[in-house]
Amino acid sequence: MRYISTRGLSAAQSFSDILLGGLAPDGGLYLPDTYPQISAAELAEWRELPYHALALKILLKFVDDIPACDLKVIADRTYSANVYRHCRPNGDAGEITPLTTLEPDFHLLELSNGPTLAFKDMAMQLLGNLFEYVLDKRGETINILGATSGDTGSAAEYAMRGKHNVKVFMLSPEGKMSAFQRAQMYSLQDANIFNIAVRGMFDDAQDIVKAVSNDAAFKAQYKIGAVNSINWARVMAQVVYYFKGYFAATTSNDQKVAFCVPSGNFGNICAGHIARMMGLPIAHLVLATNENDVLDEFFRTGVYRPRATAETHVTSSPSMDISKASNFERFVFDLVGRDAAVVRELWKQVDSGSAFDLRGTKYFDALPSYGFVSGRSSHADRLATIRDIWTTYGVMIDTHTADGVKVAREHREEGVPMIVLETAQAVKFAETIQAALGRDPVRPKDMDGIEQLPQRVEVMAADMQAVKAFVVAHCG
Ligand SMILES: *Cc1c(COP(=O)(O)O)cnc(C)c1O
């Protein structure tokens, strides 16, 4: 299997070659040159598999330059009950992604039982093990530099902690994350993890990371890498739980289901699109946004209008507060019949800060055949949904999952199981849970008192030179 760029001007690469990189040299995103097709016999066999074995089957469809026996070791270690142990009261950690049935044909797929209680662990844990494997084989090292407002940074740190040949330098805005999120990240004592709190906002941290990454000489000399959401291996890892969720919510492979996905950068739902292209019987992919409705607008109107950063709403489902969706280009590449010249033309408009409009084109006519529908949610909707799911079913959901449940309810179809992807646990967003329920969120037992643990964080000015100097001094 070869990986090609959505912009069509970079050479095709193998899996291991694109694993450690980000964008393709031509500015595009990597995708497999064809989507593997899953036969009816395979689907029947896969229905019975535990998560780690299913993951291996799917990885083998996309990875042909790592021996199967080594991939098996990686999949077994990544998807073990020991890693996904923060299950909700009725969940079975051995299931990795247990299904919670709220009522017949209406389910939550728990994706947030990993170390940081958000679905990003599902992919990031695999990435950590793949990085370690490939770096070992090549005798290379990497220094991951990133900026986070919460979920991504902690998922990356928990995936890379203690890994040889990998160091993580994670910038966060000082004092802007919740006490729980700060405790999750800053209490890590692993020698290869460095937390840097910059005096400024998330955008200041992000700008520093971009500036350092644009310094090609520095990047090469100090082996600077990233683990952002455009990484192909993260999308690939997420394909697995669409299959798992399908099997859990159906009794036969003749049935179709719908998935509802709380969306920001389009990474999670992109994996659903790929699962559907591989032949998984998905009737609809329901895309849910919060007030930042760039993607909902596209699927309703055919107009993609990325917003200016200043136009981005700060909401109570913060991991969906995006102004442009970094993985969306992957879907559009498929939508335009994989014509890279068309993608280049469309993204010329996006990169110059304007919108593109597919209305009146053959691509717009093709859109319904991809199964997407969408909707948006507001702060008031989140509060009402969290309250309703708690009082009706006794299940506590987080703010992002609430956006999903709200929109999923608008798109239910008779006889089609609806599976809402649960992307985080409520404990991460205590303030909104208090506002909705007048009580503290439930918290996994082994996370009692993490706010009191000693913290390890370097506070510095939002200054690129200071960050560079810190990296140089610690990257060894
Ligand atoms: C990252 C994140 C999302 C959005 O996922 P995308 O892949 O960016 O669309 C939704 N919910 C939570 C809790 C997240 O951390």
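Of the 15 residues around the ligand, which come nearest? They are Lys-120, Asp-151, Gly-264, Asn-265 and Asn-268, where a residue is near a molecule if one of its heavy atoms lies within 4 Å of it. This is a predicted model, in which local features need pLDDT of at least 70 and side-chain atom pairs count only at pLDDT 80 or more, while totals for chains, interfaces and linings use all residues. Residues are numbered from 1 along each chain as its sequence is written, and side-chain values use heavy atoms, with hydrogens and water left out.

**Ligand site**

- The shell around the ligand is made up of 5 nonpolar, 8 polar and 2 charged residues. Here Ala, Val, Leu, Ile, Met, Phe, Trp, Tyr, Cys and Pro count as nonpolar, Asp, Glu, Lys and Arg as charged, and the others, Gly among them, as polar.
- The side chain of Asp-151 has an N or O atom 2.7 Å from an oxygen atom of the ligand.
- Two backbones also approach ligand oxygen atoms: a backbone N or O atom of Phe-266 lies at 3.1 Å, and a polar backbone atom of Gly-267 at 3.2 Å.
- On its own the ligand has 380 Å² of accessible area, and the protein covers 96% of this. Accessible areas come from the Shrake-Rupley method with a 1.4 Å probe; for residues, only the protein chains shown count as cover.

**Helix α11**

- Helix α11 spans residues 267–277, and 9 of its 11 residues are buried. Helices (H or I, at least four residues) and strands (E, at least two) are DSSP runs, numbered from the N terminus.
- Buried means under 20% relative accessible area, exposed over 50%, and partly exposed in between (1.4 Å probe, protein chains only).
- Among the buried residues of α11 are Gly-267, Asn-268, Cys-270 and His-273.
- Gly-279, just after α11, takes a positive phi of about 110°.

**Asn-327**

- Asn-327 sits in the loop between β11 (303–304) and α13 (328–335). Asn-327 counts as buried because its relative accessibility is 0%.
- Side chain to side chain, Asn-327 makes a polar contact with Arg-330 at 2.5 Å. A polar contact is a pair of N or O atoms within 3.5 Å; within protein, one must be able to donate a hydrogen and the other to accept it, and residues adjacent in sequence count only if both atoms are side-chain atoms.
- Leaving aside neighbours within four places in sequence, Asn-327 is in contact with residues including Leu-29, Ser-229, Asn-265, Phe-266, Gly-267 and Cys-270. Contact means heavy atoms within 4.5 Å.

**Cysteines**

- The whole structure contains 0 disulfides, a disulfide being a pair of cysteine sulfur atoms within 2.5 Å.
- For Cys-260, the nearest cysteine sulfur is that of Cys-270, 16 Å away. Cys-260 is buried, with a relative accessible area of 0%.

**Loops and positive phi**

- Most residues other than glycine have a negative phi.
- Lys-223, in the loop between α9 (216–221) and β8 (224–225), has a positive phi near 50°. Lys-223 is partly exposed, at 40% relative accessible area.
- Arg-338, in the loop between α13 and α14, has a positive phi of about 60°. Arg-338 is partly exposed, at 24% relative accessible area.
- Gly-337 is found in the loop between α13 and α14 (340–351) and is exposed, at 58%. From Gly-337 to Ala-366 there are 29 residues in sequence and 9.7 Å in space, C-alpha to C-alpha.
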